[in-house]
Amino acid sequence: MNIRDRVASLLRPDQVAHAHCDIPCGIYHPHIAQQGAESVERMCVLIGELGSPSDAAGHATLSRYVAEKEKAAELVKHEVRILWGDYFKPPHLEMFPDLHTKVWTIMKLAGAARGSVSIDDAKALRAAVDEFADMFWKSKE
Amino acid sequence: MAFRPFVAALLIVLAAIATVRALRARYYRVEVAGDSMRPALHPGDFLILRRGAPSSGQIEAGSIVSLHDATGRLLLKRVIGLPGESLRVGSTVLINRRRILEPYARGETPQAQFRGANQLADDEYFLIGDNREASTDSRDFGAVRRDRIEGLALFRYWPPARLGRLAIPARALGAEPSEPELPLGMIGPRTS
């Protein structure tokens, strides 16, 4: 412990006052949505590779892939809704007049991806989420 | 007389003890935790606060005050709205319909923390953290009654490089609005 630390420990108050934030306010990032969209696509690929399972183990694996795909698609919708509702503000809408349409498209594509195993649908979702992420980063420039 | 120095020393010790007790009754020290008051306060700053709920008129806009939240934590926030004022929180803060100019604030209020008009009662204060994008404050838990305010931050004594009085910034308001305020429910003039 150096001298500065020793002095600080002698002077340290016995009470802490919190300049706090209960939730991670203001910390926004499109990465989770993008990861979710990538997971949807990956699960569609794995489901395609698995084919039609003939035994219980195969059925269990298929179930896990489907469940994971649905969870990831829902995660995409959740994360995009947060960015859309909490982060983006009216001035951003002037920069990106198609923001609402883009979000609406993502909701539709994510919904379709939940009920589908089409890799093309998953790719479309991923592309739309990537465009949305680009909007986010451009808004920070 | 040999006992005279002893009595003098005893009196000095008693006086010192009485002084320390009097000071501790009036002031207390805290260590800052968290980032919501950046850049004014940093985590690890040691502060001296004046203890007790202040009387009317003793809390100026811009003061940093302490209060306990519902979970028992001691919080530090800046006084933005004073009793009787009308305050509206969007990406900026309006006081009586005039934008408050806040050189101490960083960032903008996230949309989730926007609040409409808040008419503060005669004993209510509106407290906001300086780091507008990372603070839980009156935007979340509402205005705070005077008797909940427990201390007024006066002085930072650690770290040595930032030692000094915590100055209260003078309040500055933007220009008077030229348009009359719209009645409730009306979002703007019809343009077509």
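What span should the 20 residues of helix α2 (residues 31-50) of chain A have at 1.5 Å a residue? The expected span is 28 Å, and the end C-alpha atoms of α2(A) are 28 Å apart, which agrees; the expected value is 1.5 Å times one less than the number of residues. This is a predicted model, in which local features need pLDDT of at least 70 and side-chain atom pairs count only at pLDDT 80 or more, while totals for chains, interfaces and linings use all residues. Residues are numbered from 1 along each chain as its sequence is written, and chains are lettered from A and ligands numbered from 1 in the order in which they are written.

**Helix α2 of chain A**
- The buried residues of α2(A) are A:A33, A:G36, A:A37, A:V40, A:E41, A:M43 and A:C44 (buried: 20 or more other C-beta atoms, placed from the backbone, within 10 Å of the residue's own; exposed: 12 or fewer; partly exposed: in between).
- They cover an arc of only 155° around the axis, which puts them on the same side of α2(A); the arc is that of the directions from the helix axis to the C-beta atoms.
- A:H31 and A:E49, on the other side of α2(A), are exposed.
- After α2(A) comes A:G51, with a positive phi near 70°.

**Contact between chains A and B**
- Chain A gives 17 residues to the contact and chain B gives 29 residues (contact: C-beta atoms, placed from the backbone, within 7 Å).
- β1(A) supplies the largest share of the side of chain A that touches chain B, 3 residues (strands: DSSP runs of E, at least two residues; helices: H or I, at least four; both numbered from the N terminus).
- β1(A) pairs in the parallel sense with strand β1 (residues 27-33) of chain B over 3 bridges; pairing requires at least two DSSP bridges.
- A:A17 stands opposite B:V32 in β1(B).

Methods:
Contact = placed C-beta atoms within 7 Å.
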